[in-house]
Amino acid sequence: MRYRYFPGCTLKGQAKSMEDTTLAAAKAMGIELEELSEWQCCGAVYPLYEDELISLLSPVRTLAAAEGEPLVSLCAACHHVLKRAQELMQRNEDARKKVTDHLEVEYAGEGRVLHFLEVLRDDLGFDKLKEMVKKPLEGKKVAAYYGCLLLRPSKVMQFDDPENPTIMEDMIKALGAEVVKSPYRTECCGAYLSVTEEGVAADTVERILDSARRAGAEILVTACPLCRYNLENCADNEGKTPIKVYYFSEILAEAMGLPSESAEDQGTKEEVPQG
Amino acid sequence: MPRTGVFICHCGSNIAGTVDIDKTVEASRNFPGVVHADEYRYLCSEMGQDIITKAIKENDLDRVVVGTCSPRMHENTFRKAAAEAGLNPYLLEVANIREHCSWVHKDMEEATPKAIALLRAAAAKAALNEALEAPRLDVEKRALVIGGGIAGIQAALDIAEAGYVVDIVEKDPSIGGRMAQLEKTFPTLDCSACILTPKMVEAAQHPNINLLTYSEVDEVKGFVGQFDVKIKQKARYVDPVKCTGCGICWEKCPSKASSEFEMGLAKRKSIYVPFAQAVPMVPVIDRDSCLYFRKGRCQICEQECPPQAIDYEQQDEIIERRYGAIVVATGFDQLDPTIYGEYGYGQHPDILTGLEFERIFNASGPTGGKVVKLSDGKPPKKVVFIQCIGSRDKARGMNYCSKICCMYTAKQAILLKEKVPDAKSYVFYIDVRTGGKGYEEFQRRAAEEYDVAYMRGQVGKIFPEDDHLVVRGIDSLTNRNIEIKADMVVLAAATVARADAPEVGRLVGINSDSYHFFNEAHPKLKPVETHTAGIFIAGACQAPKDIPETVSQASAAAVKAIGLLSKEKLQGEACTAEVIQSECSGCLNCEAICPYTAITPVEIEERYKDGVLKRTVAEVNPALCQGCGSCAVTCRSGSINLKGFSNDQIMAEVDAICLQR
């Protein structure tokens, strides 16, 4: 299995651990991720207005660079922007013409745009993944936290049921851990309000963490660097049972017997770092 | 040369206000074949009709053109006036100079020449009109009602009372339908079974009504007055003649399946009657769960049955009957709310649909009429009702309003308060819509006397937490988030067409809207007729509606059926299609496009050189043809003519408009 791979900026900095663990796990599973040469920003935020085409130059350039081959990304925000830009290119001929003319590229919306989780589910298969697990995460109580970017708008993202997603839970199950479902797993993490309205983000994060705690989770996994930042930094966890937040790929690598932060933390009961 | 008379109507000022009548009459005199022209203020009045009748006689007219309103309004009136004077009514032609002319123009200078052109075209066509005879058709004095809910029962009773034999075909083992599942009915709170069961019994006992339960319509052929219908009577494995309905079989039956009547909230036996007041009180064996049919052993029902009515060898039977009229009353389904993941329906026993909650109230329901939570058997203290689940939802559900939910939600909230006095109800709504006699008052009573909190807004998430359900929503009037720790949630799921409605529509030959509700022939003036003559619709198979409306519609459909059955002969459509078989190539594109299955292939013999050539051509059954003309325009060789609208006639009209300009 061979894919073009788009990392995005965060995976080379703040979320380096997501890239490292994914690449290691992918290699162990025989999944080849070939990094695009000379890649640039994913576009960061998908524009609110359909005629704000300037924001689409970057993602469309990336999409065209994949040359019609399946394009995989890891960061939820990158995947979101790429997938939506692709959908607009397929749907809106006018926008497509303007953007591709400006970029001087040929692109008509072709090629699969995948999140790595979709590769595991749709191309590899969770049953196959289960067979490849070297160190099952037995006894660990793991909850998935999806946030919004992978799921919505559901008609465009086509990722999973936006209200009752199962993809991460299915992965957790395949890795041998105990799945814990928390009702707030698809709620907003507070997004950029953690910068401008800290109180709002604190409320949302607290609710997410409290609900995961009530459900009995010890570990929360996510695919979004911003979600993880908020989950780790916005809430006051004073006196509460600690919950560790990891990227999905970290527990994946751990289960594959590869080095990861989650593996290092094993057995320790540290407080969630305060931000 | 024909002797044509032209008559122009003022229609008060409707036509005369924009069309210069005098000029039009003068111009008409010069049309080819016109020997008489006149005008009158209201041609449709008795005086106006007299003018036409007299002029036909006095001037020996053999064609008549009236310049009036649309033929949909008064074509029949004027045809009768012509017939009165001894003229074949199809020799009269209407030029629509009101809807097509005076109403759409403001300027008399523009409207007058257009009216003249329309009249000239009509006169040109009239010259080619032929005398037509509408066929006289027999009427089978028997009606078929499809569906044994309240709509079907009411329609059947009305038809039977008028003296005609009616068969009710019901797919379930008992008649009763949705109404049998309800606890009480709004706005009077009378018990649904108490008002329904007498009607069920009356239908069963009526000498003119035959119940064909556990039966389905398999095929409908023929046409108004003579529908040939095949009905499949499914094997019950119980002899209805011997069975006394004692109930020993289902008491002793060891295997169970989910009860359809209880919306899956309870079990029933494999040999069962759906509910205690079932009519007929004859059980059926469900093959899918029966031990004998699955594994070949058990036979307890057979051993225990005192009159030995069990018959495992029974087979499905096909009954073939002819009917004069058909009433379709196949009812509705409830939308499955699992498509709304945020409501968690199906994931927790205390998240119910409206129809399921109905069963919780019912004395013979899964909880024996105790209003309790299915999770732990305790009475619910906080119940959240959510309206418009799948209704008024362009994105994921149906665009329409389901109409009954506001009222039944108010009803259920009232009933809840009466059964569990310390219970509190919350209703999330988009709008409260309670048009109807006594309806608004009823809903206000729920809000004002029964302490039901109405909140305008929607719910975004429901999930279980500890021993309750957390309902998170928004009150859009105060713009505040609301979180309720509820014991039970009731979803007013949309009223939708039966899952098999498209198939039933196809089978019977009636069309549906985009939601698969059957279409009436006219939304205001033909509410129970369909586009297929002789087939009528009643109840929620046409659109969501409540019981009073359903019953009114059922009686209306019955009257239409009775009117049809009471005729000795039916007048068919005179303007039917006709195949010029010598020109027909037998491609049968016309057969494919005909919406009334009126065209069939037929083999003809033609002399060819020295021998005889057999070939296939199309043939129109004039009794089935409704004169829509689809075949005539589809025909590649132009070998189909619609009588009264032949290709020559249409071309004559076009020429009359174009050549004179």
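## A parallel sheet in chain A

Strand E1 (residues 2–6) of chain A pairs with E2(A) in the parallel sense, and four bridges join the two. This is a predicted model, so let us take it one piece at a time. One of the links is easy to find: A:Tyr5 has A:Glu35 as its bridge partner in E2(A). In general, the strands of a sheet pair through backbone hydrogen bonds, and the pairing may be parallel or antiparallel.

How many strands form this open sheet of chain A, and in what order? There are four, in the order E2-E1-E3-E4, with parallel pairing. Strand E2 (32–35) and strand E4 (113–115) of chain A stand at the edges; each has a single partner strand, so one side of each has no neighbour in the sheet. From one strand to the next, the twist averages 40°. Helix H5 (residues 116–124) of chain A packs on the sheet, where it touches E1, strand E3 (71–73) and E4 of chain A. The direction of H5 makes about 95° with that of E4(A).

## A covered helix in chain A

Now move along chain A to helix H12 (residues 248–255). Is this helix mostly covered or mostly exposed? H12(A) is mostly covered, as eight of its eight residues are buried. Its buried residues include A:Phe248, A:Ile251 and A:Leu252, and also A:Ser249, A:Glu250 and A:Glu254. After H12(A) comes A:Gly257, which has a positive phi, near 80°.

## Where the two chains meet

Five residues of chain A are in contact with five residues of chain B. On the chain A side, the touching residues divide into three charged, one polar and one nonpolar.

## Chain B as a whole

Chain B has 661 residues, and buried residues make up 46% of them. The chain contains 18 helices and 34 strands. Along its principal axes, the C-alpha trace of chain B spans about 90 × 70 × 45 Å. Of the contacts in chain B with a separation of 6 or more, 70% are between residues 24 or more positions apart.

The domain assignment of chain B gives domain 1 (4–128), domain 2 (142–329 + 538–565), domain 3 (332–496) and domain 4 (577–643). Notice that domain 2 is written as two stretches, 142–329 and 538–565. The C-alpha centres of domain 2 and domain 4 of chain B lie 42 Å apart.

## The nonpolar cores

The largest nonpolar core has 135 residues. Which residues have the most contacts inside this core? They are B:Ala143, B:Ala155, B:Ala156, B:Val327, B:Val328 and B:Val489. Helix H12 (residues 405–419) of chain B gives the most to the core, with nine residues. Domain 2 and domain 3 of chain B each supply at least three residues to this core.

Try following B:Val327: leaving out residues up to four places away in sequence, it touches B:Ala143, B:Val145, B:Ala155, B:Phe536, B:Ala538, B:Ala557 and B:Ala561. A second, separate core of 86 residues includes A:Ala15, A:Ala85, A:Leu150 and A:Leu258.

## Three residues to look up in chain B

Start with B:Val19, in the loop between strand E1 (4–9) and helix H1 (21–29) of chain B. Is B:Val19 buried or exposed? B:Val19 is buried, because 28 other C-beta atoms lie within 10 Å, and the cut-off for buried is 20 or more. Leaving aside residues up to four places away in sequence, the residues that B:Val19 touches include B:Thr24, B:Ile97, B:Cys101, B:Met108 and B:Ala115. B:Val19 and B:Ile97 are 78 residues apart in sequence, yet 8.6 Å apart in space, C-alpha to C-alpha.

B:Ile510 also sits in a loop, between helix H14 (501–508) and strand E29 (535–537) of chain B. B:Ile510 counts as buried because it has 23 C-beta neighbours inside 10 Å. Among the residues B:Ile510 touches, not counting those up to four places away in sequence, are B:Val328, B:Phe518 and B:Ile535. From B:Ile510 to B:Ala235 the C-alpha distance is 28 Å, with their positions 275 residues apart in sequence.

Finally, B:Cys191 lies in strand E9 (residues 190–191) of chain B. B:Cys191 counts as partly exposed because it has 14 C-beta neighbours inside 10 Å. The C-alpha atoms of B:Cys191 and B:Thr68 are separated by 55 Å, and the two residues are 123 residues apart along the chain.

Definitions and conventions:
Residues numbered from 1 in each chain as written. Chains lettered and ligands numbered in written order. Predicted model: local features only at pLDDT ≥ 70, side-chain atom pairs only at ≥ 80, totals over all residues. Contact = placed C-beta atoms within 7 Å. Nonpolar A, V, L, I, M, F, W, Y, C, P; charged D, E, K, R; others polar. Buried ≥ 20, exposed ≤ 12 C-beta atoms within 10 Å, placed from the backbone. Pairing = 2+ DSSP bridges. Axes fitted to C-alpha atoms, helices over the stretch in contact; angles between N-to-C directions. Domains from an automatic or database assignment. Core = buried A, V, L, I, M, F, W, Y, C linked by C-beta atoms within 7 Å.
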